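Please examine the sequence and the three-dimensional view that follow. The paragraphs after them offer a guided reading for a newcomer to protein structure.

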Amino acid sequence: MIKFLIFFIFISLAYIGLHLYIAKFFIKAGYLKNIANKFFLIIALVSISVLFLRRKLTGDIFEFFYFISFLWMGYVLIFSFFIFLENIFSLFIDFKKSFLIINILTLIVFFISIYNAFKVPKLNEINYFSDKVYNDYKIAFVSDLHLDFSFKRILFSRIIDKILNQDPQILIIGGDFLDPGFKIDKNVNKLRELKIPVLFVLGNHEYYYGIDKTFEVVNKLNFILLKDSSFKYEDLNLIGVSDIRTENLKLEEVREIISKNYDNKKFNILVSHQPLYFKELSKDFDFLMLSGHTHCGQIFPFHIFTRIAYKYFCGEYKENKSFLYVSKGAGSWGPFMRFLSNNEIVILNIKKYEKNNSKHSRY
């Protein structure tokens, strides 16, 4: 809790600093000279308050206010980045021209980002081969849906339809499904009607939403919760680990969880919301690991900070005989925006390995 508080204070101060950075830019351009600092400081504090108000106040009016506030957060990030570039290249271009160019570029990126977020995620189909399976399996994996707005739940309904068109045997939800503002409506209720197992692991936002409330949702939607436990499906053994950072799980603890649930005779799939300890665990076990959390940066230039924080940023990685796939996420958190990071639905084809088939390049 103390670590989270320190992190939140740091992020809040950085966010306020970006607003003052923008204010300085407007003053330099001759706009809002007397009120720029106060004006942007007030907007910063109001938009930060959304993170607290969402837990207490609900309704259509408040939802619209939260949506606009989150979009503003994304706008500030993009705008600040272009101002930073202007400061670097200020010697080569007239400031009046650069002021106009930066505003235009920010608006272009801003609206492209919103458009990208509203698109139904593309399918990303990946094949894995193993001599431990005797049948072919198709698994759908989605992560980081963050269903905190009504329009996100409508989009989620279309995501489910797209997944069902692939006819998977299993659906895995890799955490951060919930957030303050979540409701079980007709769109979410589609999950109860699925005739396939829906496996669920906890992400950090399930804890923010409230762990007891999360368990209620899990029961209502008939999820199979993998909280440091496993689920066997024919030749497959699926192991779910609680959110590592939130529960402060050490490597030894995660290794012990896997040891208790590992099955040498089956194809083991480890599902962990955050892509941590992959290299260390691959020394002791052979598995396919599925993670999310990073959103692949979601909005540039946030990619830079995410890459610094996480060695396994997004996409596929290999260590020893194990593979890790870090999903870009099927939704978005905070600003409903995506730039240089498209959302995705991951379709995993687990197939029997045949030595004589040159196409079988994966474990």
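Asp148 and Lys152 are both buried. The model under discussion is a predicted one, and these two residues make a suitable starting point. Their side chains meet in a salt bridge, with a nitrogen-to-oxygen distance of 2.9 Å. Side chains of opposite charge can pair when their charged atoms come close.

Asp148 has a further partner, since its side chain also meets that of Arg54 in a salt bridge, again described by an N to O distance of 2.9 Å. This pair links distant parts of the chain, for Asp148 and Arg54 are 94 residues apart. Asp148 belongs to the loop between strand 2 (137-142) and helix 5 (150-164), whereas Arg54 belongs to the loop between helix 2 (36-53) and helix 3 (60-88). Why is Asp148 classed as buried? The relative accessibility of Asp148 is 2%, and a residue counts as buried because its relative accessible area is under 20%. Arg54, with a relative accessible area of 9%, is therefore buried by that criterion as well.

In total, the structure holds seven salt bridges. Another of them joins Asp284 to Arg255, where the closest N and O atoms are 2.7 Å apart. Asp284 lies in the loop between helix 9 (278-282) and strand 9 (288-291), and Arg255 lies in helix 8 (residues 251-261), so the pair ties together parts that are 29 residues apart in sequence. How accessible are these two partners, Asp284 and Arg255? Asp284 is partly exposed at 44% relative accessibility, and Arg255 is partly exposed at 25%. Returning to the earlier residues, salt bridges that share partners join Arg54, Asp148 and Lys152 into one network.

Lys152 also leads to the next topic, as it is one of the residues that line the largest cavity. How many cavities of 30 Å³ or more does a search of the whole structure find? The search finds one. The space in the largest cavity amounts to about 60 Å³. Besides Lys152, its lining includes Leu145, Leu147, Leu155, Phe156 and Ile159, together with Ala330, Gly331, Ser332 and Phe336. Sorted by class, the lining has seven nonpolar residues, two polar residues and one charged residue.

Attention may now turn to the surface. A nonpolar patch is formed there by Ile93, Leu100, Ile101, Ile104, Leu105, Ile108 and Ile112, and together these residues have about 560 Å² of accessible area. One of them, Ile112, is placed in helix 4 (residues 95-118). Is Ile112 buried or partly exposed? Ile112 is partly exposed, because its relative accessible area of 37% falls between the limit of 20% for buried residues and that of 50% for exposed ones.

Residues separated along the sequence may also be compared by their positions in space. Ile139 and Leu348 are 209 residues apart in sequence, yet their C-alpha atoms are 5.0 Å apart. Ile139 is located in strand 2 and is buried, with a relative accessible area of 1%. A second example is given by Trp72 and Pro335, which are 263 residues apart along the chain and whose C-alpha atoms are separated by 7.5 Å. Trp72 is located in helix 3 and is partly exposed, with a relative accessible area of 23%.

The backbone deserves a final examination. Which form does the peptide bond from Phe300 to Pro301 take? This bond is cis, with omega near 15°. Pro301 lies in the loop between strand 9 and helix 10 (302-309).

Two further residues are described by the backbone angle phi. Asp176 has a phi near 55°, which is a positive value in a residue other than glycine. Asn248 likewise has a positive phi, near 55°, and is also a residue other than glycine. Asp176 is found in the loop between strand 3 (170-173) and strand 4 (198-200), while Asn248 is found in the loop between strand 7 (236-241) and helix 8. Their accessibility may be stated in turn: Asp176 is buried, with a relative accessible area of 1%, whereas Asn248 is partly exposed, with a relative accessible area of 44%.

Notes
Residues are numbered from 1 along each chain as its sequence is written. This is a predicted model: local features need pLDDT of at least 70, side-chain atom pairs count only at pLDDT 80 or more; totals for chains, interfaces and linings use all residues. Side-chain values use heavy atoms; hydrogens and water are left out. Patches are made of residues with over 30% relative accessible area and no salt bridge: like charges are joined within 9 Å, nonpolar side chains (Val, Leu, Ile, Met, Phe, Trp, Tyr) within 5 Å. Accessible areas come from the Shrake-Rupley method with a 1.4 Å probe; for residues, only the protein chains shown count as cover. A salt bridge is a side-chain nitrogen of Lys or Arg within 4 Å of a carboxyl oxygen of Asp or Glu. Helices (H or I, at least four residues) and strands (E, at least two) are DSSP runs, numbered from the N terminus. Buried means under 20% relative accessible area, exposed over 50%, partly exposed in between (1.4 Å probe, protein chains only). On a 1 Å grid over the protein atoms alone, a cavity is a set of points where a 1.4 Å probe fits but cannot get out, and a pocket is an open set with protein on both sides within 12 Å along at least five of seven lines; lining residues have an atom within 4 Å of a point. Grid points are joined across faces, edges and corners, and a volume is the space filled by probe spheres set on the points. Ala, Val, Leu, Ile, Met, Phe, Trp, Tyr, Cys and Pro count as nonpolar, Asp, Glu, Lys and Arg as charged, and the others, Gly among them, as polar.
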